[in-house]
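Visitor: I am new to this entry and would like to learn how to read its sheets. Please take me through them step by step.

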Amino acid sequence: MFPKGTKRKFTDGEEAAPGEAPGPTARALSSAYSLQRQSLLDMSLIKLQLCHMLVEPNLCRSVLIANTVRQIQEEMTQDGTWHIMTQALSQCPSDRLVASEVLCRQDPAMLSPKPVPSALERSLQEEGYQEEVVMEEDGPAAPGPPLDGAAYLGPFSSSWDEEEEAEEEEDSEESVSEPEEEPRTEQVFGTFEIKQPPADPALEELFSDVDPSYYDLDTVLMQSPKMGPYDLLESLSHSPALGSTNSCRSDLNELDHIMEIIVGS
Amino acid sequence: MVPSSAQKVFYLLIYFCVVSAEAGEKSSEMEWCFSQVKGAIDDEVAEADLISAVEFNYTGELLATGDKGGRIVIFQQNPENKSQPQCRAEYNVYSTFQSHEPEFDYLKSLEIEEKINKIRWLPKKNAAHFLLSTNDKTIKLWKISERNKRPEGYNLRNGPYKDFTSIASLQVPVFKPMDLMVEASPRRVFANAHKYHINSISVNSDNETYLSADDLRINLWHLEITGQSFNIVDIKPANMEDLTEVITAAEFHPNQCHTLVYGSSKGIIRLCDMRAAALCDKHAKIFEEPEDRNSRSFFSEIISSISDVKFSHSGRYMMTRDYLSVKIWDINMGTRPIETFQVNEYLRSNLCSLYDNDCIFDKFECCWSGNDRVVMTGSYNNFFRMFDRGFRRDVTLEASRENCKPQSVLKPCKVSIGFEISIDSVDCNKKILHTAWHPLDNIIAVATTNNLFIFQDKLK
């Protein structure tokens with residue numbers, strides 16, 4: 001189905017015809033290669049996303065896929081195509097991206113320098129929509145593979161990303177510098193072991209009954225994928241236009257439900 | 001001067017004699033005969049019957065298999081046939097027991113699979129047999145003992161209770177023979193020491209300790225103590241977001257009780273010496289082959305991930321399995337392997353499809369022959385491959401119910417490498433992940449999805 005996944009050396013195009021501009025073959029090769037690379041990126045992101053939906057993902061597999069994504073990202077950064085993709089991402093309207101009201105709510109926050117959403121809000125966002133991302137393909141009008149990697153990167157990274165400030169800043173900027181990009185896909189493991197959020201009175205009140213030594217925040221936040229991946233896709237297809245309050249309410253309900261289990265009532 | 005045909009024959013004979021003299025026992029290629037197949041015949045495979053572990057004990061008399069349903073079945077070599085060369089590989093069911101049950105972690109709301117990941121036998125110390133079996137989180141020590149005598153002649157009870165007033169004289173109960181009963185009882189349960197999934201266990205040569213390895217940590221246990229374990233390797237980064245490498249396999253050295261190795265998802269093997277420090281995060285030796293720049297692709301790291309690591313019986317060499325090859329290392333040299341065998345190079349052109357269907361993450365195991373001269377590993381399409389290190393020869397055989405006539409010799413399969421093999425001809429559902437070689441004889445056990453094949457070599 002796909003040609004060999006061999007890495008074409010960066011200077012191939014120039015070496016091919018010394019003294020001449022790279023011929024159409026080289027250009028065609030290079031676009032075929034980018035297409036292949038793009039679809040590999042898409043495939044990997046989907047795998048990571050599905051992986052993340054499982055209650056207990058296979059760590060080895062996840063690490064390998066994440067490393068592949070990182071590798072592609074590095075290469076695309078070198079080629080300069082990463083920059084183009086992130087630009088496209090920052091310009092595309094948020095209603096085209098699946099994720100939702102979560103991102104929409106962040107929009108005003110994006111404009112202010114270093115926004116810090118409250119811990120409670122953050123935990124709701126993460127719990128509510130780590131998995132809502134992605135499966136829809138409101139493809140961009142621009143030509144490209146059916147699953148546009150660019151469309152995924154934004155919601156994908158924000159859902160994996162604990163430090164959403166960094167990612168929001170990147171989105172709002174037009175030129176993305178390399179060192180800033182590193183944290184984005186680096187944070188794929190944020191949810192595998194989520195650090196304790198900073199002490200927040202609302203959050204503390206919510207969890208006051210629970211003995212912190214037994215309470216592992218990351219596992220609670222990963223509670224939401226109780227339904228399997230297919231159930232989630234179904235629910236997504238049934239309710240394409242989730243109002244912001246609806247999902248917020250469902251998040252709270254989920255949280256309540258989880259609290260019930262933990263507290264044992 | 002052109003040698004005459006008679007001379008050619010003469011030289012040829014000399015060549016073969018020399019070769020056989022070098023070889024010692026058998027000069028010609030080993031031929032494998034089918035002996036037995038265990039398991040259901042149906043095409044519909046019950047998920048619980050998937051074989052997930054295969055292991056011979058130290059004498060080869062017992063063969064244990066673990067399955068996805070948490071059961072262990074132990075086969076015993078038929079003692080009557082052991083001395084008959086033609087049917088010495090006859091194994092019959094000795095004991096079956098449920099080793100692990102599915103568990104539910106209430107705190108994390110996670111189900112813990114009962115699938116047996118590894119089985120390791122302990123060296124025999126008394127009449128009973130001991131083995132360690134593990135699932136993702138818990139290791140258990142099982143004692144398998146035989147009972148063929150039963151006390152009879154109780155004064156008050158020999159079947160129904162006797163009324164004590166009816167007893168005129170007392171008798172001493174005696175042991176009388178009974179039908180052989182094999183009992184398996186759990187003697188130790190080593191639990192709650194692993195946050196991540198256990199992928200390996202290995203018994204130390206000191207016969208007192210063993211290690212258990214999960215994705216990020218390796219723990220050292222004492223066989224008698226279940227309440228605590230020592231952490232000897234911890235590669236968990238302070239920030240989980242920095243995680244790029246996990247432990248995939250670990251093993252103790254067969255003779256040196258202070259040496260262990262572990263392989264990682266980056267294709268690196270690290271040797272640790274427990275004498276150097278309590279925490280062996282800093283390796284004593286590293287084994288890593290420099291990357292071949294020419295064949296680098298996005299899948300290079302995934303296919304280099306170590307799926308199994310095994311020391312040779314001598315302890316001098318170490319074998320590693322990655323997705324496409326088997327590598328033999330001299331433990332004194334970490335710069336590159338001393339031998340590399342391509343298992344299924346024809347898959348290299350299909351890596352993208354294998355990544356798509358997740359088969360690229362399959363973990364194949366490998367094993368040494370008793371004399372360390374041949375190594376074996378499995379592949380797709382129910383093929384398994386053997387590499388003869390001495391003769392630099394390799395053979396591909398198929399474990400299939402079609403070659404099931406007793407004593408029928410397996411014909412080597414020819415896998416064409418002249419042209420690219422399409423992914424459609426690779427049956428990824430028929431994979432041989434687990435194989436085992438009898439430690440003292442040329443008898444092998446090969447596990448397909450739910451069947452166990454036993455082959456013996458044809459003695460000439």
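Visitor: Which residue stands opposite Met376(B) in β26(B)?

Guide: A word first: this is a predicted model. Opposite Met376(B), in β26(B), stands Met386(B).

Visitor: How many bridges join strand β25 of chain B to strand β26 of chain B?

Guide: There are 5 bridges between β25, residues 374-378, and β26, residues 383-388, both of chain B. The two strands run antiparallel.

Visitor: What is the order of the strands in the open sheet that holds them?

Guide: To read a sheet, follow its strands from one edge to the other. Here the order is β24-β25-β26-β27 in chain B, 4 strands with antiparallel pairing. The edges are β24 (366-368) and β27 (393-398) of chain B, each of which pairs on one side only. From one strand to the next, the twist averages 20°.

Visitor: Where are the edge strands of the open sheet with the order β1-β30-β29-β28?

Guide: That open sheet, also in chain B, has 4 strands and antiparallel pairing. Its edge strands are β1, at 32-38, and β28, at 434-437, and each of these pairs on one side only. The average twist from one strand to the next is 20°.

Visitor: What joins β1(B) to strand β30 of chain B?

Guide: The link consists of 6 bridges, and β30 covers residues 452-457. β1(B) and β30 of chain B run antiparallel.

Visitor: Which residue in β30(B) is the bridge partner of Cys33(B)?

Guide: Gln456(B) is the bridge partner of Cys33(B).

Methods
Residues numbered from 1 in each chain as written. Chains lettered and ligands numbered in written order. Predicted model: local features only at pLDDT ≥ 70, side-chain atom pairs only at ≥ 80, totals over all residues. Heavy atoms only, no water. Pairing = 2+ DSSP bridges. Axes fitted to C-alpha atoms, helices over the stretch in contact; angles between N-to-C directions.
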